[in-house]
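Work through the exercises below with the sequence and the structure open. Each task is followed by a solution in steps.

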Amino acid sequence: MQLQQLPESLLTIGIIVFVVLVVVPFIATRFLRDVEKGQIRIVSWLGGRPAIYRGPGKSKEIPLLTTGATIPSSAINVDLDITDQTADRDAHGNPQPIKVQVLASAIVSVGDTDDMILTAANRFFSKSESEQTSTLIDLMSSSGRRAINLLTHNQLFSAAEAPKVAEAADDEEDPLAVIIKKACSRELTDLGLTFNSLNIKSVQSEVAEALRRQSAAVAKAEAEIVAAVQARRAKEAQLEAERAISDKERELASTRAANAALVAQAEAQKQDALAVQRQAELRATQIAQASADAERVKIEATASAEAEAIRIARIADAQAEAIRKVNEAIRLGGEAYFRYRQIEMLPDIAPVVADALGRARLVTISGDGKGAASGTADQIGQVLNAVLAMQVVGQSGLVNGTPAIEATPAPPAPEPPPAPPRRGIVPPAR
């Protein structure tokens with residue numbers, strides 16, 4: 001009995017486990033459905049108000065009693081290419097529109113309220129994706145064209161230069177975005193959508209392109225001017241640096257030249273000092289040599305004078321001895337010796353005496369009572385005796401053999417240099 005009850009209990013437990021693990025989750029999945037992020041789940045009850053569930057989360061649904069639909073809550077990006085004419089006028093007020101092309105991008109999303117969500121689900125998301133995109137493009141393009149028709153060319157480009165994101169706080173800064181958003185807001189609200197942002201990418205026109213090229217040319221010219229100015233400044237800075245380097249090099253060369261001049265001057269002073277030293281040494285040497293020469297000459301002159309004195313004394317002694325011997329010979333020989341010598345010299349002396357007497361005009365006055373002829377003969381005899389005595393002495397070698405003292409001839413006076421000829425004066429021809 002217990003064995004039969006045990007399998008029944010195990011079966012019951014297995015059924016319970018199956019129900020808990022399989023049936024209950026299946027039923028729960030039928031009543032609770034996952035809502036992913038970026039999605040909105042709309043659940044409608046029979047005869048009741050639809051319930052809206054925003055992901056991520058779960059929606060309560062009962063099969064056969066509820067109806068559900070899912071729409072995206074993420075933003076929708078739309079690219080716009082709008083081309084139309086502006087509201088420009090000439091100076092006289094006549095229309096003068098300018099063709100303008102505006103490239104923009106808009107971001108829209110489902111509204112935050114439940115009514116807008118239901119409206120979007122019924123009016124917008126009920127269409128296909130291509131129809132949704134074309135609807136948004138047509139709606140915003142038409143609003144953009146109306147905005148372009150209301151603005152002038154300058155206003156459009158001032159709006160294009162303003163901040164591109166047309167947020168709520170910056171609407172007044174972008175007239176084009178303000179007009180487009182105001183024109184589209186009601187229509188988007190009718191579709192259950194709202195603006196997140198509107199970005200004006202670019203505004204293009206032929207006038208703007210011409211102005212842009214002109215501005216580009218001006219900017220390029222200004223850039224070239226700035227580049228030229230910068231290049232000129234750089235060149236001036238380079239030239240200034242080169243000039244400073246040249247000045248430094250010139251100063252260095254001048255300093256080197258000055259130093260070289262000082263070195264040359266010092267060397268010249270050194271050479272002058274050496275020259276003075278050499279002159280002093282030479283002068284000292286010459287003075288010493290002159291002193292030595294003077295002393296030598298003095299000694300030689302003294303010796304020569306003493307030798308000459310001795311020689312003269314000896315000659316005088318010799319002459320005195322010769323005269324003494326002559327006198328002794330005359331004393332011993334007497335008158336006969338003179339007579340003999342006069343007879344020997346008569347052939348040589350007589351012609352000379354006769355010639356001298358013949359040319360002489362003598363007047364003889366005798367005061368001792370002798371006749372003129374006798375007196376003249378006596379005088380001639382005395383002369384002959386003197387000549388004879390001198391000849392005797394000369395033959396003895398005492399007079400003729402005496403060496404004569406040679407006098408040093410005085411140097412001839414230097415002739416005066418000829419006077420230089422005067423410039424510019426030509427001597428006359430003779």
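**Exercise 1: The sheet with S2 in it**

In S3, the residue that Arg41 has as its bridge partner is Tyr53. The model is a predicted one.

Task: State which strands build this sheet, in what order, and which of them stand at the edges.

Solution.
- Step 1. Take the pair that holds this bridge: strand S2 (residues 39-45) and S3 are antiparallel and share 4 bridges.
- Step 2. Extend to the whole sheet. It is open, has 3 strands in the order S3-S2-S5, and is paired in the antiparallel sense.
- Step 3. Find the edges. Strand S3 (51-54) and strand S5 (66-72) each have a single partner strand, so one side of each has no neighbour in the sheet.
- Step 4. Add the twist, which averages 20 degrees from one strand to the next.
- Step 5. Look for a helix across the strands. H2 lies across S2, S3 and S5, and runs at about 90 degrees to S3.

**Exercise 2: The sheet S6-S7-S8**

Task: Describe the pairing in the sheet S6-S7-S8 and name the helices that pack on it.

Solution.
- Step 1. Set out the order. The 3 strands S6-S7-S8 form an open sheet with antiparallel pairing.
- Step 2. Mark the edges. Strand S6 (76-85) and strand S8 (193-204) have a single partner strand each, so each is left with one side lacking a neighbour in the sheet.
- Step 3. Note the twist: from one strand to the next the average is 25 degrees.
- Step 4. Check the pair S6 and S7. These antiparallel strands are joined by 10 bridges, and Ile82 has Val102 in S7 as its bridge partner.
- Step 5. Check the pair S7 and S8. Strand S7 (residues 99-110) is joined to S8 by 10 bridges, again antiparallel. Within S8, Phe195 stands opposite Val108 and Leu198 stands opposite Ala106.
- Step 6. Place the helices. Helix H2 (residues 114-124) lies across S6, S7 and S8 at about 65 degrees to S8. Helix H3 (residues 129-150) touches S6, S7 and S8 as it packs on the sheet, and its direction makes about 35 degrees with that of S6.
- Step 7. Compare with Exercise 1. H2 lies across S6, S7 and S8, and H2 also lies across S2, S3 and S5.

**Exercise 3: A salt bridge between a helix and a strand**

Task: Which parts of the chain does the salt bridge of Asp114 and Arg54 tie together, and are the two residues buried, partly exposed or exposed?

Solution.
- Step 1. Read the distance. The side chains of Asp114 and Arg54 meet at 3.2 Å, N to O; the cut-off for a salt bridge is 4 Å.
- Step 2. Locate the partners. Asp114 belongs to helix H2 and Arg54 to strand S3, so this pair ties together parts 60 residues apart in sequence.
- Step 3. Judge the exposure. Asp114 has a relative accessibility of 35% and counts as partly exposed. Arg54 is partly exposed too, at 42%.

**Exercise 4: Salt bridges within H6**

Task: Give the spacing of two salt-bridged pairs in helix H6, and name the residues of the network that includes Asp247.

Solution.
- Step 1. Start with Glu236 and Arg232, whose closest N and O atoms are 2.7 Å apart. Both lie in helix H6 (residues 206-333) with a spacing of 4 residues, about one turn of the helix.
- Step 2. Add their exposure. Glu236 is partly exposed at 40%, and Arg232 is partly exposed at 43%.
- Step 3. Go on to Asp247 and Arg250, which form a salt bridge of 2.9 Å, N to O. They are 3 residues apart in helix H6, about one helical turn.
- Step 4. Classify Asp247. Its relative accessibility is 19%, and it counts as buried because the limit for buried is under 20%.
- Step 5. Follow the shared partners. Glu240, Arg243, Asp247 and Arg250 are joined by salt bridges into one network.

**Exercise 5: Surface and whole chain**

Task: Name the residues of the nonpolar surface patch that includes Ile13, and say how much of the chain is buried.

Solution.
- Step 1. Locate Ile13 in helix H1 (residues 2-31).
- Step 2. List the patch: Leu10, Ile13, Val17 and Leu21 make about 400 Å² of nonpolar surface.
- Step 3. Turn to the chain, where 21% of the 430 residues count as buried. Its accessible surface is about 30,900 Å², and 59% of that belongs to carbon and sulfur atoms.
- Step 4. Close with the elements: the chain has 8 helices and 8 strands.

How values were computed
Residues numbered from 1 in each chain as written. Predicted model: local features only at pLDDT ≥ 70, side-chain atom pairs only at ≥ 80, totals over all residues. Heavy atoms only, no water. Patch = residues over 30% accessible without salt bridge, like charges linked within 9 Å, V, L, I, M, F, W, Y side chains within 5 Å. Areas by Shrake-Rupley, 256 points an atom, 1.4 Å probe, with all protein chains shown as cover. Pairing = 2+ DSSP bridges. Axes fitted to C-alpha atoms, helices over the stretch in contact; angles between N-to-C directions. Contact = heavy atoms within 4.5 Å. Buried < 20%, exposed > 50% of the residue type's maximum accessible area, 1.4 Å probe, protein only.
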